[in-house]
Amino acid sequence: MNTEKCTKLDEEFACNELSLMGFDVKKIKRSEEDERPDFIVNDGFVSYLIELKSKFPEFKKLQDRNDRLNRGEIVEEETKVRYENTLSGIIKKAASQLNSYTEEQVDYKLVWLHATGYLPDLQYKQFEITLYGKADIANLVTHQVKSCFYYNVSDFFYRRTEIDGAIISTSKGGKFCLNNFSKKYSTLKKSILCAKFGRAVCDPVEEELQEKAYNISDCNENRKYEPRVLKFLQEKYKQRYLTRMSSYHYGSGIKI
């Protein structure tokens, strides 16, 4: 099964990255059964409570892949990139841990989602899609494709009172994701932590203003009824020929 448990290496990775940015990082002590979050980070002005979660590939899927590679087979994979219920469950657990911490006052509550294993880039994309409900939208006239925030179910929307933002990462790098549904969106956007990520910040409001993406966070339609959501998108941007595209991740491997 997929796991959310962080290894000591994951924790060391997160602590080192935050320390290199110049933050004071305090590891919150807890036992195996304790539900408290992982870190309190301070920049000298405000504090950030962070719960770190790691995402590994499914054990059975990984075992089957390794068995096929050991038999000398070429392993080809096609995975639809979409909202993941397993990831949503991990985010829900992180939100509960952040919300239950009352030992000291903090300014912002963040979840850090770290992808590890043999498909970290796929997991990274799934993190962002699950947080923002993102979808790829094509204009059938201009053939231009843009991302659309909140086209699908969004964990940032459902956890808007519990999670102010998120860090998503692989061992190669990461991104800071702002939750524009949070009441603290405007101040977190101006925070030192957000600034440290430079261009690696995901902000649906800014991306819409710069015409890099669509943003339908103002849509009240139930996301289960896609025709209504698509109609709202078309009417908001006055573009009749918009349609959703499915996105896939392709990969292959062979043991040499």
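Reader: What does H9 lie across?
Author: In this predicted model, H9 lies across E6, E7, E11 and E12, at about 130° to E12. Axes are lines fitted to C-alpha atoms, for helices over the stretch in contact (heavy atoms within 4.5 Å), and angles run from 0 to 180 degrees between N-to-C directions. Helices (H or I, at least four residues) and strands (E, at least two) are DSSP runs, numbered from the N terminus.

Reader: Some ground rules first, what is filtered by pLDDT?
Author: Local features need pLDDT of at least 70 and side-chain atom pairs count only at pLDDT 80 or more, while totals for chains, interfaces and linings use all residues. Residues are numbered from 1 along each chain as its sequence is written, and side-chain values use heavy atoms, with hydrogens and water left out.

Reader: Back to H9, which residues are buried?
Author: Val229, Leu230 and Leu233, in a helix spanning 226-236. Buried means under 20% relative accessible area, exposed over 50%, partly exposed in between (1.4 Å probe, protein chains only).

Reader: Why are they on the same side of H9?
Author: Because they cover an arc of only 95° around the axis, taken from the directions from the helix axis to the C-beta atoms.

Reader: And which exposed residues are on the face turned away?
Author: Pro227 and Glu235.

Reader: OK, the sheet. What's the strand order?
Author: E11-E7-E6-E12, an open sheet of 4 strands with mixed pairing; two strands pair if DSSP finds at least two bridges between them. E11 and E12 are the edges, each with a single partner strand, so one side of each has no neighbour in the sheet. On average, neighbouring strands are turned by 35° against each other, direction ignored.

Reader: How do E6 and E7 run, parallel or antiparallel?
Author: Antiparallel, joined by 4 bridges. Ile137 stands opposite Lys146 in E7. The hairpin has 5 residues between the strands, and His143 there takes a positive phi near 65°.

Reader: And E7 with E11, in which sense?
Author: Parallel, over 3 bridges. Cys148 has Tyr214 in E11 as its bridge partner.

Reader: New topic: what volume has the second largest pocket?
Author: About 320 Å³. Among its 16 lining residues, the closest to the centre are Val81, Ile129, Lys134, Ala135 and Ser247. A pocket is an open set of points on a 1 Å grid over the protein atoms alone, where a 1.4 Å probe fits, with protein on both sides within 12 Å along at least five of seven lines; lining residues have an atom within 4 Å of a point. Points are joined across faces, edges and corners, and the volume is the space filled by probe spheres set on them.

Reader: Which element gives the most to that lining?
Author: H4, with 3 residues.
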